[in-house]
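Visitor: I am new to this structure. Where should we begin?

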Amino acid sequence: MEDDFNIQIDKSSKKTIIIFIAFFGCILLFTIAYLIINSNKLVKEKILSIERNTKVIDIYNNKKEHNFLYVKYSNGTQKILEFSYQIGDSVSKKKGDSIEYIFRKDSIIKYNLFEESRKYGTLN
């Protein structure tokens with residue numbers, strides 16, 4: 001019974017398997033290095049590409065996502081609550097700008113997304 005799982009590999013197949021493992025190991029190593037080197041650039045590009053002109057219509061606990069607080073916008077999008085929005089806030093962010101403007105009653109609140117990303121460690 002114990003000999004049923006004993007696999008015999010000849011030398012040419014063994015060499016091919018080692019080359020195959022080394023090749024994918026190198027690809028994995030280069031991918032990780034690329035992501036480490038370019039992570040700041042990718043985060044900045046993602047923040048700058050956001051464009052939002054909408055109004056907060058609901059703040060709720062999302063039971064599908066471990067009861068995290070989510071915000072629902074008037075344009076139909078829903079995302080995790082990152083700022084202490086209130087229902088009725090108008091949110092405006094232009095593409096290429098890192099500051100999100102929140103219009104609440106008679107005041108305008110500036111929310112700098114770069115500073116918040118640095119504070120939470122996703123941006124250096």
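Guide: Two strands pair if DSSP finds at least two bridges between them. Strands (E, at least two residues) and helices (H or I, at least four) are DSSP runs, numbered from the N terminus. This is a predicted model: local features need pLDDT of at least 70, side-chain atom pairs count only at pLDDT 80 or more, and totals for chains, interfaces and linings use all residues. Residues are numbered from 1 along each chain as its sequence is written, and side-chain values use heavy atoms, without hydrogens and water.

Visitor: Which residue takes a positive phi in the hairpin of β1 and β2?

Guide: Strands β1 (residues 52-62) and β2 (residues 68-73) run antiparallel, joined by 6 bridges. I59 faces V71 across this pair, and Y60 faces Y70. The hairpin leaves 5 residues between the strands, and the one with a positive phi near 60° is H66.

Visitor: What is the order of the strands in the open sheet?

Guide: The sheet is open and has 6 strands. Their pairing is antiparallel. The order is β3-β2-β1-β4-β5-β6.

Visitor: Why is one side of β3 and of β6 left without a neighbour in the sheet?

Guide: β3 (78-80) and β6 (107-112) stand at the edges. One side of each has no neighbour because each has a single partner strand.

Visitor: By what angle are neighbouring strands of this sheet turned against each other on average?

Guide: Axes here are lines fitted to C-alpha atoms, for helices over the stretch in contact, and angles run from 0 to 180 degrees between N-to-C directions. For this sheet, direction is ignored. The average turn between neighbouring strands is 35°.

Visitor: Which residue has a positive phi in the turn between β2 and β3?

Guide: β2 and β3 run antiparallel, with 3 bridges. K72 has its bridge partner, Q78, in β3. The hairpin has 4 residues between the strands, and the turn residue with a positive phi of about 95° is G76.

Visitor: Which residue of β5 stands opposite V91?

Guide: V91 is also the bridge partner of T54, in β4. There, β1 and β4 pair antiparallel over 4 bridges. β4 also pairs antiparallel with β5, over 3 bridges. Opposite V91 in β5 stands I102.

Visitor: Which side chain joins that of S92 in a polar contact?

Guide: S92 sits in strand β4 (residues 90-93). Leaving out residues up to four places away in sequence, S92 touches R52, N53, I99, E100, Y101 and F103 (contact: heavy atoms within 4.5 Å). A polar contact is an N or O pair within 3.5 Å; within protein, one atom must be able to donate a hydrogen and the other to accept it, and residues adjacent in sequence count only if both atoms are side-chain atoms. At 2.9 Å, the side chain joined to that of S92 belongs to N53.

Visitor: What is the bridge partner of I99 in β6?

Guide: Strand β5 (residues 99-104) pairs with β6 in the antiparallel sense, over 6 bridges. Their hairpin has 2 residues between the strands, and K105 takes a positive phi near 50°. In β6, the partner of I99 is N112.

Visitor: Which residue in the turn of β4 and β5 has a positive phi?

Guide: These two strands form a hairpin. Between them lie 5 residues. The turn residue with a positive phi of about 95° is G96.
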